[in-house]
Amino acid sequence: MEYKSNELEKVLDTGIALSKEKNRNKLLDMILDAGMELTNCDAGTLYICKENKLYFQVMKTISMGVDQGKNGEKIDLPPVEMSEANICSYTVIHKKVLNIENVYESDEFDFSGPYRYDKMTGYHTRSMITIPLLNQEDNAVGVLQLINAKDADGNIVKFPKRMEHIILSLASQAAIAVSNISYMEEIKTQMWSFTEAMAEAIDTRTPYNANHVRNVAKYAGLMADYINERHKEGLTEDYFDENRKEQLVLGALLHDIGKVSTPLSVMNKATRLETKLHDIEMRLHLFMAKYKVQVLEGTISQEQYERNVAKTEEALALAYAINECGFLDDEKKQALKKVSEYTFEDGTEQIPYFTEEEIVHMSVVKGTLTDEERIIMESHVEMTERILSKVHFNSQYKNAMKWAIEHHECLDGTGYPKKISGDDLALESRILAVADICDALLATDRPYKKPLPKEKAFAIMKDMADKGKIDGGLVELLQNCI
């Protein structure tokens, strides 16, 4: 059987194009277009096998201007049941090409569908060929149905016998391409489901952190989109294609996964003292009660009693003030130094008003965490790396882990955990750093801080940029996005 060189060339070129296409909708449209062009037919439908049914994916009729499904939009037709009476289903069940010269003269199959379509639209279906899309495992992933082949003069004719083998070759290449995209989509779904599972695990421990990772992902995505807009305007060489943006967002969703091992007493620490304040209250109230007993027993004078009660109330008031203040100023530092020397004298025993541990917690200058607790908190990045190193990231997502574990690095090399700096920090890592800090400042659900107004939050971030900590250009970019 002889084949025309241009037909073979078309099959080869289409096969190359199919192997490169990563977008499912474009791929399916390309398959149908190639089949119709090769056979010079007027109409065609591409079905995909799913749940033991055939679903309409792309439909075209040149003479009637029909072009549906090419962008993934749903075709409003019910799926075809897997029955031997239907020609497309028969093609799948028996994995064979069927070539019908005239559907109105054939009693082999149920052509009630084409008959109804013709009656509704005024179209006249005549010749038809159906080809199974068989992948490398010999499983049918779909059906290519072509209608009304035309000769050189535009007359409707039977699909040439030689076309069966050519279209089957095209269908085989198409099936493999469809299967490969399906595998890629399964891998993507698996990766995202893992990410959602990890976010859920963190959410179960502390709801605010789940909001945080999603906010960071949202900000990162917005920044990538904004960079793409600037790229279109010729303002930057950077550009985020679909995969690069997906990796960025995935990295954002994974960046705090190490917090699953961070003690809640550290992660949710709202004040400097937390439960230790209750211990101080109980102790100092007990001291005042004992002072009362001492004055009643005559072991101390009324003047001593009043002096002792006053300094105890002073110590308790200071504990309250320090516990929730945002910044420990010099005045409070001096007051703490003074009160830390207060003791309750009970006979020969002297009991400090504050324990050494309580003094350490009250001495925190900014925030709520002691140096030891901050080390524990910062270790979540190393735990993130340990957890993610156990996950296989294929080539499509290999950078997500790297960017996730670099979100606390600083441009001047003072960040953690690896002290990476300058150009060694990828753009994506710098984006995650800015997004992470932004949400930390703006968040309304943190148990240990009040949210800042947007203007003040970005003023703080710009100051950090001026000090060489984070990327100032990205700070301005994010400010324009939200």
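**Exercise 1. Determine where Glu 409 is found and which charged side chain of opposite sign is nearest to this residue.**

Solution. Step 1: Glu 409 is found in the loop that runs between helix H14 (398-405) and helix H15 (427-442); helices (H or I, at least four residues) and strands (E, at least two) are DSSP runs, numbered from the N terminus. The model is a predicted one, in which local features need pLDDT of at least 70 and side-chain atom pairs count only at pLDDT 80 or more, while totals for chains, interfaces and linings use all residues. Residues are numbered from 1 along each chain as its sequence is written, and side-chain values use heavy atoms, with hydrogens and water left out.

Step 2: Glu 409 is buried and has no salt bridge. Buried denotes under 20% relative accessible area, exposed over 50%, and partly exposed in between (1.4 Å probe, protein chains only). A salt bridge requires a side-chain nitrogen of Lys or Arg within 4 Å of a carboxyl oxygen of Asp or Glu. The nearest side chain of opposite charge belongs to Lys 419, 6.8 Å away; Lys and Arg count as positive, Asp and Glu as negative, and His and the chain ends are not counted.

Step 3: The side chain of Glu 409 does reach the backbone nitrogen of Lys 419, at 3.1 Å. Contacts (heavy atoms within 4.5 Å) of Glu 409, leaving aside neighbours within four places in sequence, include Tyr 416, Lys 418, Leu 425 and Ala 433.

**Exercise 2. Identify the cavity that Glu 409 lines and state its volume.**

Solution. Step 1: On a 1 Å grid over the protein atoms alone, a cavity is a set of points where a 1.4 Å probe fits but cannot get out; a pocket is an open set with protein on both sides within 12 Å along at least five of seven lines; lining residues have an atom within 4 Å of a point. Grid points are joined across faces, edges and corners, and a volume is the space filled by probe spheres set on the points.

Step 2: The search of the whole structure finds 1 cavity of 30 Å³ or more. The largest cavity holds about 60 Å³ of space. Its lining includes Glu 409, Leu 425, Ala 433 and Asp 471.

**Exercise 3. Describe the second largest pocket and name the element that gives the most to its lining.**

Solution. Step 1: The volume of the second largest pocket is about 810 Å³. Of its 33 lining residues, the closest to the centre are Tyr 47, Phe 56, Leu 77, Gly 113 and Pro 114.

Step 2: Elements that each supply at least two lining residues include strand S1 (41-50), strand S2 (53-61) and helix H4 (112-121). H4 gives the most, with 7 residues.

**Exercise 4. Characterise the salt bridge of Lys 418 and the network that contains Asp 67.**

Solution. Step 1: Side chains of opposite charge can pair when their charged atoms come close. The structure has 26 salt bridges.

Step 2: Lys 418 pairs with Glu 385 in a salt bridge, the closest N and O atoms being 3.0 Å apart. This pair links distant parts of the chain, since Lys 418 is in the loop between H14 and H15 and Glu 385 is in helix H13 (residues 371-388), 33 residues apart. Lys 418 is partly exposed at 46% relative accessibility, and Glu 385 is partly exposed at 23%.

Step 3: Salt bridges that share partners join Asp 29, Asp 33, Lys 60, Asp 67 and Lys 70 into one network. Within it, Asp 67 and Lys 70 form a salt bridge with closest N and O atoms 3.7 Å apart.

Conventions:
A polar contact is a pair of N or O atoms within 3.5 Å; within protein, one must be able to donate a hydrogen and the other to accept it, and residues adjacent in sequence count only if both atoms are side-chain atoms.
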